[in-house]
Amino acid sequence: MGVDTILTDGIVPAQVRRRPESLLQVDQLSIDIATRDANVRLVDNVSFGIGRGERVALVGESGSGKSVTAQALMRLNSRVKLSGRVQFDGTDLLSLSPRQMTAMRGQRMGMVFQDPMSSLDPLMTIGDQVAETLRIRGVSKREARQRALDVLDELKVERAAERLDSFPHEFSGGMRQRVVLAMALVGEPHLLIADEPTTALDVRVQERVLDLLDEISRRRSLAVLLITHDLGIVAGFADRVMVMYSGRIVEENEATLLFAEPQHPYTRGLLEAVPRADITVDRLRSISGAPPAPAARPSGCTFHPRCDHAMAVCTSVEPGETITPLGARVRCHLYGEG
Amino acid sequence: MLQIDHISKSFPAGRGQHTMVLDDIVLNVDEGQSVGLVGESGSGKSTIIRCALGLTRPDSGRVSYSGIDVHRSSRFDTLRFRRDVQLVFQDPYASLNPRMTVEELVSEGLLVHKLETTAAGRRARVVEMLAMVGLGEEALTRYPRSFSGGQRQRIAIARAVVIRPKLLICDEPVSALDVSVQAQVINLLQDMQKQLGLGILFVAHDLAVVRHLCTTVAVLERGRIVEHGTREQVFDTPQHAYTQALLKAVPIPDPAVGRARRAERQLAP
Ligand SMILES: Nc1ncnc2c1ncn2[C@@H]1O[C@H](COP(=O)(O)OP(=O)(O)OP(=O)(O)O)[C@@H](O)[C@H]1O
Ligand SMILES: Nc1ncnc2c1ncn2[C@@H]1O[C@H](COP(=O)(O)OP(=O)(O)OP(=O)(O)O)[C@@H](O)[C@H]1O
Ligand code: SF4
Ligand SMILES: [Mg+2]
Ligand SMILES: [Mg+2]
């Protein structure tokens with residue numbers, strides 16, 4: 001059942017699809033930062049939801065606002081101003097005190113970053129680092145150590161018991177990334193936000209880490225927000241995909257549909273620009289120009305200077321959100337209204 | 001044109017020990033040919049490039065360019081080598097002097113190699129070259145920092161190609177770039193190769209990019225070339241287990257492929 005049957009049946013309206021129970025609901029989230037001379041909007045009116053156990057990917061090029069969004073959900077960046085609503089498991093995150101938020105991060109939301117070394121303390125043993133979130137919560141030393149061991153086992157770190165007492169530098173890049181994952185997972189969160197978790201790794205190691213994440217998310221019914229610029233990774237992992245361009249989500253759909261029938265010109269362009277290791281193509285399609293800086297966002301549709309389909313309206317009117325017959329949530333004047 | 005002939009290299013690894021970083025490497029690049037060298041991090045790709053350029057001396061074996069040994073050439077030959085062989089690195093920011101304008105950067109080679117003696121002649125060549133890489137005349141007076149990563153990489157390519165080299169050696173030239181911009185640079189390299197008959201030695205860890213750009217491919221595993229053949233041989237009928245494993249792990253932007261592979265892996269022990 002699910003998406004595959006829908007595809008063979010042809011077009012099915014979005015509301016027919018099964019949606020898991022909502023876990024995270026983001027409504028009109030905007031993120032602003034005050035620089036010396038102006039207020040700059042980094043992320044503009046972003047709305048999306050993540051269901052329990054669902055794996056959602058947020059893709060976009062460098063500077064599109066992925067990390068800023070992830071940090072906002074965890075309220076990690078105190079320099080930015082957040083507006084909108086973020087509901088998580090029945091709690092309004094933006095209204096929590098810093099202290100309540102810290103508790104939330106340790107217990108119900110976990111996060112991993114691109115560079116494992118930056119999240120690890122070189123002077124602390126692996127076991128102590130993984131157990132730390134539990135210790136903060138008042139779990140006894142013995143129990144915390146046991147649970148750290150269990151998570152490392154779950155992440156298939158070999159001889160985990162012996163390695164609890166080793167230090168980060170004794171681990172390879174892939175192993176370090178597993179340790180960082182263990183730190184995020186030991187508190188048994190409902191949501192894991194993974195920001196480019198495998199970008200620094202070689203493909204075979206990357207595949208192992210993603211397989212583990214896939215397995216654990218299924219076993220624990222753990223929702224994952226995977227942030228990446230690599231559409232290949234997304235295809236193998238995500239149930240649903242959101243494409244971000246210059247601080248806005250321009251398209252969102254089930255993964256199968258997004259890859260089979262990309263609707264937004266930017267999504268289409270991106271997919272055609274990716275070289276593939278499994279087929280030879282004559283020439284890649286490239287998108288002319290480069291993404292704009294947040295402070296110099298073009299008027300109307302921010303993609304218009306690079307878009308082959310741009311019309312007069314695109315330069316002045318920002319496209320609203322439309323749901324296409326294929327169930328894509330798209331921001332583009334080619335769809336909707338008419 | 002470029003012949004890497006059975007070179008080996010080891011580095012001291014403390015306590016009198018040595019680690020073998022390159023083991024009997026054989027690799028040729030002929031005129032107009034695009035050769036890809038792929039391998040994981042630490043496999044020795046950059047070391048091969050350093051040996052090919054004469055920057056690192058191999059322990060054994062020989063690197064020659066047009067029949068002349070790169071590590072024992074005369075001054076005259078060195079000068080010709082520097083003109084014929086140009087480089088493009090991963091980080092264009094590090095390789096472009098921030099205090100030089102684009103015009104100065106791109107025309108430097110013309111001046112050094114005395115290829116254009118008048119300022120007007122140099123400017124004409126620079127403008128023509130910039131147009132080829134998709135930059136307008138207004139770029140001439142600007143500095144590298146005011147360009148995006150992809151634009152800087154195109155400036156670096158313009159700077160390398162303006163003196164009409166015979167061989168372009170690229171070390172991960174697109175791995176720092178975004179997808180949409182990466183495609184621009186790949187297409188540019190492809191055009192240069194076709195239009196100018198440029199030979200390319202393209203080093204990368206990204207197999208998809210190499211498949212796209214190179215007609216001959218060598219696979220490096222911990223300092224050894226384990227597979228070497230045409231693009232179709234290496235990608236479609238890989239013989240070596242290492243190549244097969246690498247290819248199976250490269251993410252493919254197609255959910256059906258991704259799922260089928262994961263199911264296959266879960267069945268395997
Ligand atoms: N503290 C800050 N001050 C000013 N601008 C910022 C700050 N943090 C981020 N930005 C800007 O916000 C935009 C979004 O940044 P973000 O880090 O979210 O991008 P990203 O999509 O994660 O990109 P990447 O793929 O490179 O990680 C960028 O243009 C960035 O320069
Ligand atoms: N000068 C040196 N002294 C000692 N070891 C070195 C030296 N240069 C390189 N190495 C080692 O040689 C091996 C190959 O390095 P090299 O930089 O060629 O790899 P690479 O394939 O280019 O990797 P990457 O993809 O990370 O750039 C590595 O293990 C590296 O640590
Ligand atoms: S709104 Fe207009 S410019 Fe923007 S993506 Fe759609 S067609 Fe292109
Ligand atoms: Mg980021
Ligand atoms: Mg290298």
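Colleague: What makes the approach of ligand 2 to the backbone of B:Gly42 a polar contact?

Modeller: An oxygen atom of ligand 2 lies 2.8 Å from a polar backbone atom of B:Gly42. The limit for a polar contact is 3.5 Å between N or O atoms, and the pair therefore qualifies. Please bear in mind that this is a predicted model.

Colleague: Which side chains have an N or O atom at such a distance from an oxygen atom of ligand 2?

Modeller: The side chain of B:Ser46 places an N or O atom 2.8 Å from an oxygen atom of ligand 2. For the side chain of B:Thr47 the corresponding value is 2.6 Å. Both values fall within 3.5 Å, so both are polar contacts.

Colleague: How do you know which residues are around ligand 2?

Modeller: A residue is included because one of its heavy atoms lies within 4 Å of the ligand. That rule gives B:Phe11, B:Val21 and B:Glu40, together with the run from B:Ser41 through B:Gly42, B:Ser43, B:Gly44, B:Lys45 and B:Ser46 to B:Thr47.

Colleague: What surrounds ligand 3, and how does its shell divide by class?

Modeller: Ligand 3 has 13 residues around it, the closest being A:Cys301, A:Cys307, A:Cys314, A:Cys332 and A:His333. Nine residues of the shell are nonpolar and four are polar, while none is charged. Cys counts as nonpolar, so the four cysteines named here belong to that class.

Colleague: Why is the pair A:Glu61 and A:Arg306 called a salt bridge?

Modeller: The N to O distance between these side chains is 3.9 Å. The rule asks for a Lys or Arg side-chain nitrogen within 4 Å of an Asp or Glu carboxyl oxygen, and the pair therefore meets it. Between domain 1 and domain 2 of chain A the count is one salt bridge, alongside four residue pairs in polar contact. On the domain 1 side, strand E2 (39-51) and helix H10 (231-237) of chain A each contribute at least two residues to the surface that touches domain 2. E2(A) has the largest share, with seven residues. By class, that side has six nonpolar, two polar and three charged residues.

Colleague: Where do these domains lie in the chain, and how much area do they bury?

Modeller: Domain 1 of chain A covers 21-238 and domain 2 covers 259-335. Their contact draws on eleven residues of domain 1 and 13 of domain 2. About 930 Å² is buried between them, 58% of it on carbon and sulfur atoms. Their centres, taken over C-alpha atoms, are 29 Å apart.

Colleague: What makes B:Arg265 and A:Glu207 a salt bridge?

Modeller: Their closest N and O atoms are 3.0 Å apart, which is within the 4 Å limit, and the pair therefore counts. Six salt bridges are found across the interface of chain A and chain B, as are 19 residue pairs in polar contact. Helices H9 (203-220), H10, H11 (255-260) and H12 (265-273) of chain A each give two or more residues to the side that touches chain B. H9(A) supplies the largest share, seven residues. That side of chain A divides into 18 nonpolar, ten polar and 14 charged residues.

Colleague: How many residues make the contact between chain A and chain B, and what area is buried?

Modeller: Chain A provides 42 residues and chain B 39. The buried area is about 3500 Å², with 53% given by carbon and sulfur atoms.

Terms used: Residues numbered from 1 in each chain as written. Chains lettered and ligands numbered in written order. Predicted model: local features only at pLDDT ≥ 70, side-chain atom pairs only at ≥ 80, totals over all residues. Heavy atoms only, no water. Domains from an automatic or database assignment. Contact = heavy atoms within 4.5 Å. Buried area = accessible area lost by both parts, 1.4 Å probe. Polar contact = N/O pair within 3.5 Å; in protein donor to acceptor, adjacent residues only side chain to side chain. Helix = DSSP H or I, 4+ residues; strand = E, 2+ residues; numbered from the N terminus.
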